[in-house]
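Subject: Structure handover, with notes on what I found

Hi there,

Here is the structure I promised to pass on to you. My notes follow straight after it, so please have it open while you read.

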Amino acid sequence: MDLVLQFFSSIAWWGWILIVLAFVAIRDVFFQRSHTISHNFPIVGHLRYWLESIGPEMRQYFVANNREELPFNRIERGWIYASAKKENNYEGFGTDRDIHAHQHIFINNAMMPFKLPENHPHKIDKTFLPCAKVMGEFNKRKRPYRPASIINVSAMSFGSLSAKAIESLNKGVKIAGAYHNTGEGGLSPYHSNGGDVVFHFGTGYFGVRSEDGGFSMEKMVDLVNKNPFIRAIEVKLSQGAKPGKGGVLPGAKITKQIAEIRGVEVGKDVLSPPTHKAFSNVPEMVDFIEKIAKETGLPVGIKAAIGKLEQWEELADIMKATGKGPDFITVDGGEGGTGAAPPSFADHVSLPWVYGFSDLYRLFQSKGLSERIVFVGSGKLGFPAKAAMALAMGVDCINVAREAMMSIGCIQAQICHTNRCPAGIATQKKWTQNGINVPLKSERLAQYFKTFRKEFIEITHAAGYEHPCEFKMSDIEINVDDHNLSKELNGTFMYQKTPVPFKGVQHLKDCMHLGGVE
Ligand SMILES: Cc1cc2nc3c(=O)[nH]c(=O)nc-3n(C[C@H](O)[C@H](O)[C@H](O)COP(=O)(O)O)c2cc1C
């Protein structure tokens, strides 16, 4: 024994390295058949896999320029981080954007900005920016709802996000007076920290699921009665990243608690079906919406990504003929985010937000329905100039998902589908989640929302308006080709927005249906 130990201890450190490399080389050549490169180039072949695995980080930190990355470039991310931390989010020396580039947005400023009268709500609170329309008002729901913030947290479930992330978002919306959309995973204790909640469900009916996997009205009513902070209900038809494909929650993310809330098995992939059990066609969907609204008293909306318009036209015709239908419609863009989706769907199925929304709005407007619906937009709209464009096109408020994630520390690692999120946001791993300081992160979300609203109000005033609902298509121009030509939105999308009835911000502040807390 002593001899053996003596022999091993006589081997120099570099000798050990050679021995390990020899073992790796033998394994590469003789014992593994799954990687051709490491078989053909033992040892060095591993470098390729390693370099490939750290490539995204290397490009993000060292190579990509400030405006290059997708979905969100460094300047966009930096603006959210700085806004959330209440740091200096200005830029010096002038824009670094090519303002002649295709699809660049311009907001037409007035010669003189809007002058705030004495005692105007914006003099008291520079971030007060509620939605100009009330959800459920036209359909006379029992509990109509005016979102107290024009920017809100979009659907992201407990499951796709961690408990600490959901808790931070919920506490953050409470501070900011915004709402928090639950996403498809049901209502969790982490959604129940006092912020307004929009309860969202898809084809999996998580949280309101009957024994046979269908929709349970009894559970829906019970949930709403027990949780008065639920202010509206959203039925998901589709989302921009994967229309026609149900929700996907990888087994790695399914803990005991998530399994209990959703009524599924621990550790097993949950694939929601592509279609709803509760309805099979447009008239049935309208009936379904009306039943939920009647039973719960809440405004009920639908969320979808837009492609073909035939069924939307059928919906509009039914709404016109019956006076029934959704109180709000959330339009998600093809550029929308997801916890997990096949690239073939995320990259190609459904239209980008500007095209999808303009198609839909034009259709509803042509039927005289645009005034009675609250339009919600989502798809990288969490920046004041983008939001100005969206409001000019007819949106009434916006939802943000990834921007909200970034405000609480997401670094755009783009591995939400693996349970390995390094920021503890899109993972169920306890260790990484524990890095999230909930009181700090909730303040950050709230601060991002407040900074967004403040800048949005300033842009609105610069354009000569009191509230962004007054933006018209002709207030925004967009570069439409490579020859430095820009066109007003109405010239590009071929409609004028229906003016939103607006009697002043004070009127919105005095509204009895205004949400938000304190
Ligand atoms: C992690 C994650 C989870 C999501 N989960 C849902 C969901 O459960 N239901 C849904 O309709 N959309 C879901 N979405 C889509 C977002 O709600 C939103 O519509 C989309 O990301 C566009 O907004 P954004 O560009 O601000 O991220 C999810 C997005 C992300 C990033």
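Helices (H or I, at least four residues) and strands (E, at least two) are DSSP runs here, numbered from the N terminus. This is a predicted model, in which local features need pLDDT of at least 70 and side-chain atom pairs count only at pLDDT 80 or more, while totals for chains, interfaces and linings use all residues. Residues are numbered from 1 along each chain as its sequence is written, and side-chain values use heavy atoms, with hydrogens and water left out.

The ligand site

Let me begin with the ligand. Which helix gives the most residues to the shell around the ligand? That is H15 (residues 402-407), with three residues. A residue counts as near the ligand if one of its heavy atoms lies within 4 Å of it. There are 24 residues around the ligand, and those that come nearest are Ala155, Gly337, Lys380, Arg402 and Glu403.

Some polar contacts are worth a look (a polar contact is a pair of N or O atoms within 3.5 Å; within protein, one must be able to donate a hydrogen and the other to accept it, and residues adjacent in sequence count only if both atoms are side-chain atoms). Alanine 155 places a backbone N or O atom 2.7 Å from a ligand oxygen. Glycine 337 likewise has a polar backbone atom 2.7 Å from an oxygen atom of the ligand. With glutamine 239 the contact comes from the side chain, where an N or O atom is 3.2 Å from a nitrogen atom of the ligand. On its own the ligand has 610 Å² of accessible area, and the protein covers 97% of that; these areas come from the Shrake-Rupley method with a 1.4 Å probe, and for residues only the protein chains shown count as cover.

The ligand also takes up the space of the largest cavity. For cavities, a 1 Å grid is laid over the protein atoms alone, and a cavity is a set of points where a 1.4 Å probe fits but cannot get out. A molecule sits in a cavity if more than half of its atoms lie within 2 Å of its grid points.

Salt bridges

How many salt bridges does the structure hold? The count is 19, where a salt bridge is a side-chain nitrogen of Lys or Arg within 4 Å of a carboxyl oxygen of Asp or Glu. For burial, the cut-offs are under 20% relative accessible area for buried, over 50% for exposed, and partly exposed in between (1.4 Å probe, protein chains only).

One of the salt bridges joins lysine 133 and aspartate 396, at 3.0 Å from N to O. Lysine 133 lies in the loop between helix H6 (121-124) and strand S2 (151-153), and aspartate 396 in the loop between helix H14 (384-393) and strand S11 (397-400), so this pair ties together parts that are 263 residues apart in sequence. Both lysine 133 and aspartate 396 are buried.

Arginine 27 and aspartate 28 form another, with their closest N and O atoms 3.0 Å apart. Here arginine 27 is partly exposed at 40% relative accessibility, whereas aspartate 28 is buried at 0%.

In the pair of lysine 268 and glutamate 265, the closest N and O atoms are 3.9 Å apart. Lysine 268 is partly exposed at 49%, and glutamate 265 is exposed at 52%. Elsewhere, Arg67, Glu91 and Asp96 are joined into one network by salt bridges that share partners.

Backbone details

You may want to check a few backbone spots too. The peptide bond between leucine 70 and proline 71 is cis, with omega about 0 degrees. Proline 71 belongs to the loop between helix H4 (44-63) and helix H5 (74-84).

Lysine 86, a residue other than glycine, has a positive phi near 55 degrees. Lysine 86 sits in the loop between H5 and strand S1 (105-107) and is exposed, at 64% relative accessibility. Methionine 494 has a positive phi as well, near 65 degrees. Its place is in the loop between helix H18 (489-493) and H19, and methionine 494 is exposed at 60%.

Finally, glycine 516 is in the segment after helix H19 (505-509) and is partly exposed at 24%. The C-alpha atoms of glycine 516 and proline 147 are 7.1 Å apart, with their positions 369 residues apart along the chain.

Best wishes

Terms used
1 Å grid on protein atoms, 1.4 Å probe; cavity = no way out; pocket = protein on both sides within 12 Å on 5 of 7 lines; lining within 4 Å.
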